[in-house]
Every structure is written in C-alpha cells, then in structure tokens.
Amino acid sequence: MEKDLIKTVIYASKKAGEILLKHFGRSLEVEGKGLRDIVTNADIESEDFLRDFLSKEFPEIGFYGEEKGGNLEGLVWMVDPLDGTKNFFRGLDVFAVSIALLDGKKPILGVIHIPTKNLTVWGAKGMGAYANDRKLELDEGDSLENSFLATGFPHGNPELVDPYIETLREILKRAMGVRRMGSAAYDLAMVACGLFDGFWEFGLKPWDTAAGAIIVKEAGAVLSDIYGGEWDIFSQTILTAKRKLHAEMVEIFRSIR
Ligand code: IPD
Ligand code: CA
Ligand code: CA
C-alpha cells in the first residue's frame, strides 16, 4: 500500500478529530436514532467532512459512513465519524474517529484517531501497526488472571444481553480487571497499544470494528469471533487478545456456548 495514501488518511482522521474537539464540551444538536441511540451535529459534520475529503482525494474509492450509508462493493472507505457518541455528548473524553479501507469487504488499512490523546493508531495489511510513529509489537501475553480487558455492553440489542452477560460472568470471575470504555474503536486501538490485553463485545457494526480489526492483527493480537471462528465485518461477536489469552478466552466461551 502506498505511504502517501496512508499519510493522507491519517491527515483526514486528524482533521475530523479537530471538528470533534471544536464541538466537545459545547452545546450540541442531538437527535434520536434507532433504539435508545443518538446522533449529534458533530457526528454529521465529521462524516460529511470525511466523505467530501476522501472522495476528492481518492475518486476511485467508494465511501460508506455510519450516518449516511453508501456502497460496500470493491474498494471502499468504512467510516465511523465519531465512535463513542454518548461519551462525547456527556462530556466524557473517550471517543475516536475510525476509518478503514475495505477491499471486497475485508479491511486492508485501519486508522483510529483519538483526538483527546493526540494519538493516531494505524495498521495496514503486511505493513505492521503504529501508534503515532511507534511500531506496535505485542508479546504472547499472560493468563486471564493476569490480564486487563476491555469490553462493551450490547445496550441497543436486548436479545444479546443475556448471552453477553453469560460471557461477562465467566470473565469477571477470572480476569485481573475489566473496563467498559464506551468506544469500541478506542478499545481496539488500546489493545493494539498493549494497554488492554484483550477485548470482546457482541453486536458491533462494520464501522465500529473494521479499522480496529486490521490494526490489532498487524500489532500481533489474534482476532476471531468469541468461539475462535473466523471474524468478518458482519460477525455478531468479536474477540481479540494476545495469543495465550485469546486461547484461554476461546476455551471459556466455548464451554458456555
Ligand atoms: C458505539 C460504541 C460503543 C459500543 C456500541 C457502539 P457509537 O458506537 O462503539 O462502545 O458498545 O455498540 O454503537 O454509536 O458511539 O458510534
Ligand atoms: Ca460506533
Ligand atoms: Ca458513531
């Protein structure tokens, strides 16, 4: 993949981050969207900017955004213009811009920009993963009892709550610590950085996970569904963790399937 393309996408993610920061902590226009979900003018402004900018820079690449949709065929940008909208709306500073490049619905480049940390985490197929300029290389990890994990709650999917709670119960009994940050892209970026040893969640959407998926893989984490099966952007569950931990978690999740 061309370095210039990557640089341009990183630049775009930072510009979108500036748009978010301009609105953060100020009064927002907010609308309801789906089940107990919201969208703000910051989500829309960030997505509109990314659509315009990326379409002008790369007219041959399609665009799909969480808020306004698009086409998924061929080469396409898959964008979550503000991951962690509820945090953002309430003034909690955990949120991210997430941009993936999909080729035939498979992520080949991911850029996650976290404006409040001034941090851009990216990874490209065969090129490794980086946090700003630092190369990310995860070790094989430790056992669950020595691991610090992130997760997310399936709040907008009532039918997923019970099966999710089953998994949470088992992990809470065994892990060193579990956090729910409220932004899946942030969680995935932090797994790549080694801040979290692993992450699992139910019911995420392609724009939440596409960028993070390629980043964690390129950083050296294992990525699958929670039972160890192949993950794709439409999978109902996601599990990523350092190698040893991943195997232990898969075994636990299979035992309660
Ligand atoms: C949400 C966040 C959250 C996850 C939700 C997502 P949004 O994305 O990633 O962590 O638990 O399922 O919908 O709506 O803030 O872009
Ligand atoms: Ca999201
Ligand atoms: Ca979003």
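# Reading two calcium sites, a ligand and some rings

Colleague: How are the donor residues of the calcium ion (ligand 2) spaced in sequence?

Modeller: The spacing reads D-x2-D-x124-D. Bear in mind that the model is predicted.

Colleague: Which residues are the protein donors of that calcium ion (ligand 2), and how far away do they lie?

Modeller: Asp-80, Asp-83 and Asp-208 each donate through OD. They lie 2.1 to 2.2 Å from the calcium ion (ligand 2). Water is not among the atoms, so sites may look incomplete.

Colleague: Are Asp-80 and Asp-83 buried or exposed?

Modeller: Buried means under 20% relative accessible area. Asp-80 has 1%, so it is buried. Asp-83 has 6%, so it is buried too.

Colleague: Which protein donors does the calcium ion (ligand 3) have?

Modeller: Glu-66 gives OE, Asp-80 gives OD twice, and Leu-82 gives its O. These donors lie 2.2 to 3.2 Å from the calcium ion (ligand 3). In sequence the donor residues run E-x13-D-x1-L. Glu-66 sits in the loop between β3 (62–65) and β4 (69–70), and Leu-82 in strand β5 (residues 75–83), so the pair ties together parts that are 16 residues apart in sequence. Leu-82 has 1% relative accessibility, so it counts as buried.

Colleague: Which residue coordinates both the calcium ion (ligand 2) and the calcium ion (ligand 3), and how far apart are the ions?

Modeller: Asp-80 bridges them. The two ions are 3.7 Å apart.

Colleague: Now the ligand. Which of the residues around ligand 1 come nearest?

Modeller: There are 15 residues around ligand 1, and Asp-83, Gly-84, Thr-85, Ala-184 and Glu-201 come nearest. Asp-83 is also a donor to the calcium ion (ligand 2).

Colleague: Which N or O atoms of Thr-85, Arg-180 and Glu-201 lie at the oxygen atoms of ligand 1, backbone or side chain?

Modeller: Read them one by one. For Thr-85 it is a backbone N or O atom, 2.8 Å from a ligand 1 oxygen. For Arg-180 it is a side-chain N or O atom, at 3.1 Å. For Glu-201 it is again a side-chain atom, at 2.6 Å. As for cover, ligand 1 taken alone exposes 380 Å², and the protein buries 87% of that.

Colleague: How many aromatic pairs does the structure hold?

Modeller: It holds 13. One of them is Phe-24 with Phe-95, 5.0 Å centre to centre. The angle between the planes tells you how to class a pair. Under 30 degrees counts as stacked, over 60 as edge-to-face, the rest as tilted. Here the angle is 55°, and the pair is tilted.

Colleague: Why does the pair of Phe-24 and Phe-95 tie together parts far along the sequence?

Modeller: Phe-24 lies in the loop between α1 (3–23) and β1 (30–32), and Phe-95 in the loop between α3 (85–90) and β6 (96–103), so the pair links parts 71 residues apart in sequence. Phe-95 has 0% relative accessibility, so it counts as buried.

Colleague: Which residues form the aromatic cluster with Phe-153?

Modeller: Tyr-164, Trp-200, Phe-202 and Phe-253 join Phe-153 in one cluster.

Colleague: Where does the charged end of Arg-257 sit?

Modeller: Over the ring of Tyr-227, 3.8 Å from its centre.

Colleague: Last one. Where in the fold is Trp-231?

Modeller: Trp-231 is in the loop between β14 (222–224) and β15 (237–241). Its relative accessible area is 11%, so Trp-231 is buried. Trp-231 and Ala-213 are 18 residues apart in sequence, and their C-alpha atoms are 9.0 Å apart.

Technical notes:
Residues numbered from 1 in each chain as written. Chains lettered and ligands numbered in written order. Predicted model: local features only at pLDDT ≥ 70, side-chain atom pairs only at ≥ 80, totals over all residues. Heavy atoms only, no water. Donors = N, O, S within 2.8 Å, 3.2 Å for Na, K, Ca; no water. Buried < 20%, exposed > 50% of the residue type's maximum accessible area, 1.4 Å probe, protein only. Phe/Tyr/Trp six-rings, centres within 6.5 Å; stacked < 30°, edge-to-face > 60°. Helix = DSSP H or I, 4+ residues; strand = E, 2+ residues; numbered from the N terminus. Lys NZ or Arg CZ within 6 Å of the ring centre and 35° of its normal. Near = heavy atom within 4 Å. Polar contact = N/O pair within 3.5 Å; in protein donor to acceptor, adjacent residues only side chain to side chain. Areas by Shrake-Rupley, 256 points an atom, 1.4 Å probe, with all protein chains shown as cover.
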